Amino acid sequence: MGARDVAAACGIADIITVDIGGTSADICLVKDGRIDLTQRGHVGEWPLPLPMVDMVTIGAGGGSIARLAAGTLTVGPQSAGADPGPAAYGRGGQEATVTDAHVVLGHLPANLLGGRMTLDADAARRTIERRVAAPLGLSAEAAARGILAIIDNHMVGALRIVSVERGHDPRDFTLVPFGGAGPLHGCALAELLGITRVLIPSAPGVLCADGLLAADLKADFSRTLPKAGPIDLSAARAIYAELGRQADDWLSAERVAAGDRQQSRIALLRYHGQGGEVAVGWVDDAGQVEAAFAAAHESLYGFALDAPVELVTLRTEATGRMPPPPRPVLATGSGAVEEGRLPVQFASGTAQVPLFSRAAFGAGDRFAGPAIISQLDATTLVLPNWTGEVHPSGAILLTMRTAP
């Protein structure tokens, strides 16, 4: 919700979000501003056939542990957590992590959290060398690049699930990385997917809290038919009428004004013999519903079947629109000014990379990668092939100069 809101402020409706924290990465696709639901979700290995946001979560984050298994380097899903956390935290952590790899390569400034936290770069290097580099006969920098390459490819696999496997081309979307670690990986993930635009929210580390302010009230009311079968319009009308009354009662209990109420009707259908359903918008015409189902099935799976269509579940989605949170508008900037330069290790060698303070940016300020942008809740790594511009909303729009 937070990502959709900040993207809408920039006039962007099609986004792929990736929320990277210390332990996990949560990935979701938003098309035309709509956040889709699924009834094929999982909690761990267990399927959960209840409506939930169509999101994929993997064990990949700043605390993900890099270790050798039978001579092969693996990263995650185990995490060092926050305590003791990565070796760079200086709390006695003994495991090599993704954060340690970033520190070894110079992607993070020495002081974080507005100067309240100082990273232990020597501890990060020692741990990477002991746990990964020495056993593989690599330099600490090469080992760190390997760790990041592995974790980025893990996340790309999950990004493909919500895009390619759902019938979408990721290159048609803007990537929105957030969470404490998201902006460190945004450009790298975009390059692997062929995405040419990345949006960095103004407060990426706390965007989920921002999303609570931007979210509308919402509840789902559904009825699964006693027996799946052909669409029966008269039965469907009666069920939707009852679901609509339940939705109205809920909206009244939530004290939502009549003008701020909205209800949407959704049908879950399948071909005869299938075990999973596909959700489509409901209209009071059996032929149109079946045609919408066939088109959605083909988009998801690449084919449609010449088989009877069965109606399984009817759902009403009730929404109570809430007033949008106030959004400050940045004053016009006078040009991006470097705070200093940091040595960053790239595969091509060491480069002195400009360090910018996010708080000093104004609307319209521009800069070219490579660059590092520091702020209280996150650090953004801008790779060499990217340029950035600050939007009046406070978001940073990064654009790839040359598509891969």
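This text walks through one strand and its neighbours, then a sheet, then the nonpolar cores. The model is predicted.

Start at strand β1, residues 15–20. It is mostly covered, with six of its six residues buried. Its side chains point two ways. Ile15, Thr17 and Asp19 point one way from β1. Ile16, Val18 and Ile20 point the other way. Both sets are buried, Thr17 and Asp19 included. In a regular strand, side chains alternate between the two faces of the sheet.

Now look at what β1 pairs with. Strands of a sheet pair through backbone hydrogen bonds, either parallel or antiparallel. β1 pairs with strand β2, residues 25–31, in the antiparallel sense. Six bridges join β1 and β2. To find the register, take isoleucine 16: its bridge partner in β2 is leucine 29. The two strands form a hairpin, with four residues between them.

β1 is also joined to strand β14, residues 174–178. Here the strands run parallel, and five bridges join them. Isoleucine 15 in this pairing stands opposite threonine 174 of β14.

Next, move to an open sheet of four strands. Its order is β20-β21-β23-β24, and its pairing is mixed. Which strands stand at the edges? They are β20 (340–346) and β24 (379–382). Each has a single partner strand, so one side of each is left without a neighbour in the sheet. From one strand to the next, the twist averages 30 degrees. Inside the order, strand β21 (residues 349–357) pairs with strand β23 (residues 371–374). This pairing is parallel and has three bridges. Phenylalanine 356 has isoleucine 373 of β23 as its bridge partner.

Finally, turn to the interior. The largest nonpolar core has 68 residues. The residues with the most contacts inside it are Ile16, Ile147, Leu175, Phe367, Trp386 and Leu398. Helix α4, residues 140–162, gives the most to this core, with 11 residues.

Two names on that list lead back to the opening strands. Ile16 belongs to β1, where it points the same way as Val18 and Ile20. Leucine 175 touches Ile16 and Val18. Leaving aside residues up to four places away in sequence, leucine 175 also touches Leu159, Gly186, Leu189, Ala190, Ile195, Arg197, Val198 and Leu199.

A second core is separate from this one and has 24 residues. Leu243, Ala247, Trp250 and Val278 are among them.

Methods: Residues numbered from 1 in each chain as written. Predicted model: local features only at pLDDT ≥ 70, side-chain atom pairs only at ≥ 80, totals over all residues. Heavy atoms only, no water. Buried < 20%, exposed > 50% of the residue type's maximum accessible area, 1.4 Å probe, protein only. Pairing = 2+ DSSP bridges. Axes fitted to C-alpha atoms, helices over the stretch in contact; angles between N-to-C directions. Core = buried A, V, L, I, M, F, W, Y, C linked by side-chain atoms within 4.5 Å. Contact = heavy atoms within 4.5 Å.
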